[in-house]
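Okay, thanks for making time. I'd like to walk you through two spots in this one, so have a look at the screen.

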Amino acid sequence: MAASIIKLVRKLYPSNSLLSYNPVFKVAGNAIANLLGAPFPEFRDLPPNHLRVRVGVGTKIVNNHAHHLQIGSQFWIECFARGYLTASADIMEIGCGCGRIAAHLKADYFSGTYLGIDIDPEMIDYCRAHFPAPKFVFALSPHKSSTYHSGELSSPDCELFTIAQPESRDFVFSTSLFTHLLENEVAFYLQQSFRALRPKGMAVMSFFCMESVEMGKPWTFSHRAGNAFVDDERYPEAAVAYGTASMVEMAKEAGFSEVAVSGRRVQSFLIARK
Ligand SMILES: C[S@@+](CC[C@H](N)C(=O)[O-])C[C@H]1O[C@@H](n2cnc3c(N)ncnc32)[C@H](O)[C@@H]1O
């Protein structure tokens, strides 16, 4: 019974992000999640449930509080431990969502700066209201997506969009963004990242890698869209995967010299140095 309900919801909403914009889900889901989180003071400052669902919670559509809080910690531990950045770095995140990964940088140890980019005005407004400026700055990208709502900017804005000053950043990253981007946008953001990085700066981008991702749980990536593999032809950006070779080639074409892929069962990482 529960499995067939989940199947039906998945047919209507092939990704949690699409579900998170439904007004009934938003009101009911937020109410239930608030009740579940009420006894725990550490959950009180989290973004509202529908924004947590929008940035990814798997099947935990109302009971995701702890998952949301802890998800960025492993990313930062690995990046600092491997020396990809220091605690005084100028950082840029593309597809920052409601600041789930950036929230870890609010801690005292971080003395650098952070620039977050997203296409979703509700997420950008949330971040601007909940992160201290000028250390944290957020900008709206004019790009469009079939699974995330975007602002109403015209296509010339899209072509003119440059996301940061040249050579102004030490570290550029994205988590669960390339998993929603078709080839042109991956290439665009890799070029912009290369431009924004200082010499020797690092880019770390998570993506679904065809050679490493565990198939059938739940993705199959059985359709082609150019060099990309997509799960659902109606909503190609709901889940997108790439082969190692095409991801490495796109990074090299953007100008990166040292490029590697760290393969993982869920999201792999593209690791590239300018
Ligand atoms: C799965 S969420 C991940 C958010 C965040 N990185 C995290 O891990 O919490 C993907 C994010 O990418 C944003 N996004 C989708 N397409 C984008 C694009 N073309 N340019 C910038 N952001 C985009 C969405 O609005 C959403 O906030």
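**Pocket and ligand site**

Let's start with the second largest pocket, which has 15 residues in its lining, and the ones nearest its centre are D45, L46, L69, A103 and K106. Keep in mind that this is a predicted model. So, which elements give two or more residues to that lining? Those are α5, residues 65-70, and α7, residues 121-130. As for volume, the second largest pocket holds about 300 Å³ of space.

What's its lining made of, by class? You get seven nonpolar residues, four polar and four charged. And look at where they come from: domain 1 (2-69) and domain 2 (73-273) each supply at least three residues to the lining of the second largest pocket.

Right, over to the ligand. There are 20 residues around the ligand, and G95, R100, D118, T175 and Y189 come nearest. Sorted by class, that shell has nine nonpolar, six polar and five charged residues.

Now the polar contacts. With G95, the partner is the backbone: one of its polar backbone atoms is 2.7 Å from a nitrogen atom of the ligand. With Y189, a polar side-chain atom sits 2.6 Å from a ligand nitrogen atom. E185 also uses its side chain, with a polar atom 3.4 Å from a nitrogen atom of the ligand.

And how much of the ligand does the protein cover? On its own, the ligand has 590 Å² of accessible area, and the protein covers 99% of that.

That's my bit, happy to rotate things if anyone wants another view.

Conventions:
Residues numbered from 1 in each chain as written. Predicted model: local features only at pLDDT ≥ 70, side-chain atom pairs only at ≥ 80, totals over all residues. Heavy atoms only, no water. Near = heavy atom within 4 Å. Polar contact = N/O pair within 3.5 Å; in protein donor to acceptor, adjacent residues only side chain to side chain. Areas by Shrake-Rupley, 256 points an atom, 1.4 Å probe, with all protein chains shown as cover. Nonpolar A, V, L, I, M, F, W, Y, C, P; charged D, E, K, R; others polar. 1 Å grid on protein atoms, 1.4 Å probe; cavity = no way out; pocket = protein on both sides within 12 Å on 5 of 7 lines; lining within 4 Å. Points joined across faces, edges and corners; volume = space filled by probe spheres on them. Helix = DSSP H or I, 4+ residues; strand = E, 2+ residues; numbered from the N terminus. Domains from an automatic or database assignment.
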